[in-house]
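Please examine the sequence and the three-dimensional model shown below. The paragraphs after it lead from the overall fold to particular sheets, residues and a pocket.

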Amino acid sequence: MSDTLREVGPDEQEQVRALGLLAFGGDPAAPPRSTPPGVRLGAFDGRGQLVACAGVAPYEQWWGGRSVPMGGVAGVAVHPDARGRGVASRLVGGLEELMRGQGQHVSALFPTAVELYRRLGWEVVGTLDETRLDPASLEVAPSGEVTVRAAERTDLPALAGLYNALGAATNGLLVRRGPCFPRGAAALLESSVAALAVDRDGAAVGYATYDRGRGYGPQSELRVWELVAATGSATAALLRSLASWRSVVGRVQWRGPTDQLALHLPGPVPPPRW
């Protein structure tokens, strides 16, 4: 008997969690995560046991200056007993039908099996890089036009505006609204530091979010999540604020592309470590 594909019900979430732990090696002692928004399909065998699952969440991406609905595929897991019989392909095919019905004509995912998703119509279009930097290398020429201070809740509209302006000028960035972003721009303030760059008139021209990490000395590390700047002066000011940690932090972990960063640093940017 072939497996039955259907939407996973609320009373079957424990089976989804168990299968996810098996497939991705999670910590069984960790508290269960809340159910993500969107739809999760499951493949059930003749005994009604979940043998595979996959989900799609409702996102939007910036393309050509406008937001476009995007289906974010995630959590594709297949039990070892069900592998090799096309279950994953059927599941993802079912998700494609759901996405088309919801007007999500673009889809994105992180592929653990490139050959599977390429065969189904996806293609590798980019990477999420992490690059380790010497904090002293971020000491760029100062700019008297821009200062840096901690962002506050009253700055949330400005933070959102900076991010949206970047998204509208590029392609592929997520639009941070809807059920997948319930906190909106407020999530930026959850980092250890949310640094806001302001010009001489007090207008926000950039921001950087990063976590301090633990420890003191060569092995301690800042983790920079994102840096968004409307001007070169804003970029320089934010980089200098990161470099100010060099006396107590041994390295900076930079998340994301470094092509724009390379335009500001006096020396070469090292290759990504991951």
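The account that follows begins with the whole chain and then turns to its parts.

The model is a predicted one. Its secondary structure amounts to six helices and 11 strands. The C-alpha trace extends over about 70 × 40 × 35 Å along the principal axes. Of the 274 residues in the protein, 36% are buried. Among contacts with a separation of 6 or more, 67% join residues that are 24 or more positions apart.

One part of the fold is an open sheet of five strands, arranged in the order 1-2-3-4-5 and with mixed pairing. Its edges are formed by strand 1 (4–7) and strand 5 (106–108), each of which pairs on one side only. On average, and with direction ignored, neighbouring strands of this sheet are turned by 25 degrees against each other. Within the sheet, strand 2 (residues 39–44) and strand 3 (residues 50–63) are antiparallel and are joined by six bridges. A43 has A52 in strand 3 as its bridge partner. Helix 1 lies across strand 2, strand 3 and strand 4, and its direction makes an angle of about 85 degrees with strand 3.

The bridged pair A43 and A52 also appears in the surroundings of V87. This residue belongs to helix 2. Is V87 buried or exposed? Its relative accessible area is 3%, below the 20% limit, and therefore V87 counts as buried. Leaving aside residues up to four places away in sequence, V87 touches D3, A43, A52 and A82. The contact with D3 links positions 84 residues apart along the chain, and the C-alpha atoms of V87 and D3 are separated by 7.9 Å.

Helix 1, strand 4 and helix 2 come together again around a pocket. The second largest pocket encloses about 300 Å³ of space. It is lined by 18 residues, of which V76, V78, R83, A88 and L116 are the closest to its centre. Helix 1 (13–24), strand 4 (66–78), helix 2 (87–101) and helix 3 (114–119) each contribute at least two residues to this lining. By character, the lining of the second largest pocket comprises 11 nonpolar, four polar and three charged residues.

Further along the chain, strand 9 may be considered together with its two partners. Why can strand 9 be described as largely enclosed by the rest of the structure? Strand 9 (residues 204–211) has eight residues, and six of them are buried, so the rest of the structure largely encloses it. Strand 8 (residues 193–199) runs antiparallel to strand 9, and six bridges join the two. One pairing in this ladder sets L196 opposite its bridge partner Y207 in strand 9. Strand 8 and strand 9 form a hairpin with four residues between the strands, where G202 adopts a positive phi near 85 degrees.

Strand 9 also pairs with strand 10 (residues 217–229), in the antiparallel sense and over six bridges. Here Y210 stands opposite V224 of strand 10. This second hairpin has five residues between strand 9 and strand 10, and in its turn G213 has a positive phi of about 75 degrees. Strand 9 thus takes part in two hairpins, one with strand 8 and one with strand 10.

Note on methods
Residues are numbered from 1 along each chain as its sequence is written. This is a predicted model: local features need pLDDT of at least 70, side-chain atom pairs count only at pLDDT 80 or more; totals for chains, interfaces and linings use all residues. Side-chain values use heavy atoms; hydrogens and water are left out. On a 1 Å grid over the protein atoms alone, a cavity is a set of points where a 1.4 Å probe fits but cannot get out, and a pocket is an open set with protein on both sides within 12 Å along at least five of seven lines; lining residues have an atom within 4 Å of a point. Grid points are joined across faces, edges and corners, and a volume is the space filled by probe spheres set on the points. Ala, Val, Leu, Ile, Met, Phe, Trp, Tyr, Cys and Pro count as nonpolar, Asp, Glu, Lys and Arg as charged, and the others, Gly among them, as polar. Buried means under 20% relative accessible area, exposed over 50%, partly exposed in between (1.4 Å probe, protein chains only). Two strands pair if DSSP finds at least two bridges between them. Axes are lines fitted to C-alpha atoms, for helices over the stretch in contact, and angles run from 0 to 180 degrees between N-to-C directions. Contact means heavy atoms within 4.5 Å.
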